[in-house]
Amino acid sequence: MPANAVVSQIATPGYYALFMNANLNPILKETGLRTALNAVVDKRKIIEEIFQNQAEAVTGPLGRWGDEQETPTEPSLEEAKKTIANLKTKLKQEKIELTIALPKIDFLEKAVKIIEENWLALGVETNIISLSSSELLNNVVKTNNYEILLFGNILQDPLDLFPFWHSSERFYPGLNLALYKNTKVDNLIEKVRQTEDKYERASLAKEAENIIIKEKPAIFLFTVPYTSCLIYRMGKTNFFALL
């Protein structure tokens, strides 16, 4: 076990997601690609088959605290297939191939297999790199050496998106795993930290979340409310990798 990790039983205001690093693979800058990839991920199948319905789907970075919003309208499989076909033509590529890195954890490996099937039906091939948690942390997460990272975030304050989505946290030891940068979002999540009124904080956080959902720097998957997890300490922030 890594020296900077502890095992703890907690209630997790957090989520698992696929974080996309367009710096490593520029094709991930294509909004149409990210939208299509997101649209076809079968969260219901993941939750039913892997968790026996003991998990919840999430649609944004507030996790289960943000799901009172209307579910965004996503393209159908056929529409998503057309987007991918058009993108291949635009880029003059016969195929689109992406790589997902993740911890060598049974339920995540099962989840990524479902995602791989979903994306193959779309016309996107997937390579999967499954590593020990310590190897993933030290050789992949810390160096941003991934195209797509399947990982989990814990929100110590359910409304505080700063550690994971503020642009100042894009590089080690920050935890902005999507390397996301948006000035308006930065301003909103800074105001969440500066505001004491709980209703105003919730409104500001929701506004920031809506922008992030629209831009799709990550594909938000699921949350497991009660979990025994391996928590990594990076600076003053926690994030988790295991159940």
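**Strand β7 and the enclosed spaces of the chain**

Within the predicted model, Phe19 finds its bridge partner in strand β7, where Ala218 takes that role. This pairing belongs to the contact between β7 and strand β2, which covers residues 14-20; the two strands run antiparallel and are joined by four bridges. Strand β7 also pairs with strand β3, a strand formed by residues 56-57, again in an antiparallel arrangement and here through two bridges. In this second pairing, Ala57 is the residue that stands opposite Phe222 of β7. Strand β7 itself spans residues 218-223, and six of its six residues are buried, that is, each has under 20% relative accessible area; the strand is therefore largely enclosed by the rest of the structure.

These strands belong to a chain in which eight helices and nine strands are assigned. Of the 243 residues in the chain, 53% are buried. When the contacts with a separation of 6 or more are considered, 77% of them are accounted for by residues that lie 24 or more positions apart in the chain. The area that the chain exposes amounts to about 11600 Å², of which carbon and sulfur atoms supply 48%.

As for internal space, the structure holds one cavity of 30 Å³ or more, and the volume of the largest cavity is about 40 Å³. Ten residues line the largest cavity, and those that lie nearest its centre are Val141, Asn144, Tyr172, Gly174 and Leu177. By residue class, the lining of the largest cavity comprises six nonpolar, two polar and two charged residues.

Turning to the pockets, the second largest pocket contains about 220 Å³ of space. Its lining is made up of 13 residues, with Met20, Ala22, Ala178, Leu179 and Pro217 lying nearest the centre of the pocket. Among these, Met20 falls within the residue range of strand β2, which extends over residues 14-20 and is joined to β7 by the four bridges described above. The residues that line the second largest pocket divide into seven nonpolar, one polar and five charged.

Notes: Residues are numbered from 1 along each chain as its sequence is written. This is a predicted model: local features need pLDDT of at least 70, side-chain atom pairs count only at pLDDT 80 or more; totals for chains, interfaces and linings use all residues. Side-chain values use heavy atoms; hydrogens and water are left out. Buried means under 20% relative accessible area, exposed over 50%, partly exposed in between (1.4 Å probe, protein chains only). Two strands pair if DSSP finds at least two bridges between them. Contact means heavy atoms within 4.5 Å. Accessible areas come from the Shrake-Rupley method with a 1.4 Å probe; for residues, only the protein chains shown count as cover. On a 1 Å grid over the protein atoms alone, a cavity is a set of points where a 1.4 Å probe fits but cannot get out, and a pocket is an open set with protein on both sides within 12 Å along at least five of seven lines; lining residues have an atom within 4 Å of a point. Grid points are joined across faces, edges and corners, and a volume is the space filled by probe spheres set on the points. Ala, Val, Leu, Ile, Met, Phe, Trp, Tyr, Cys and Pro count as nonpolar, Asp, Glu, Lys and Arg as charged, and the others, Gly among them, as polar.
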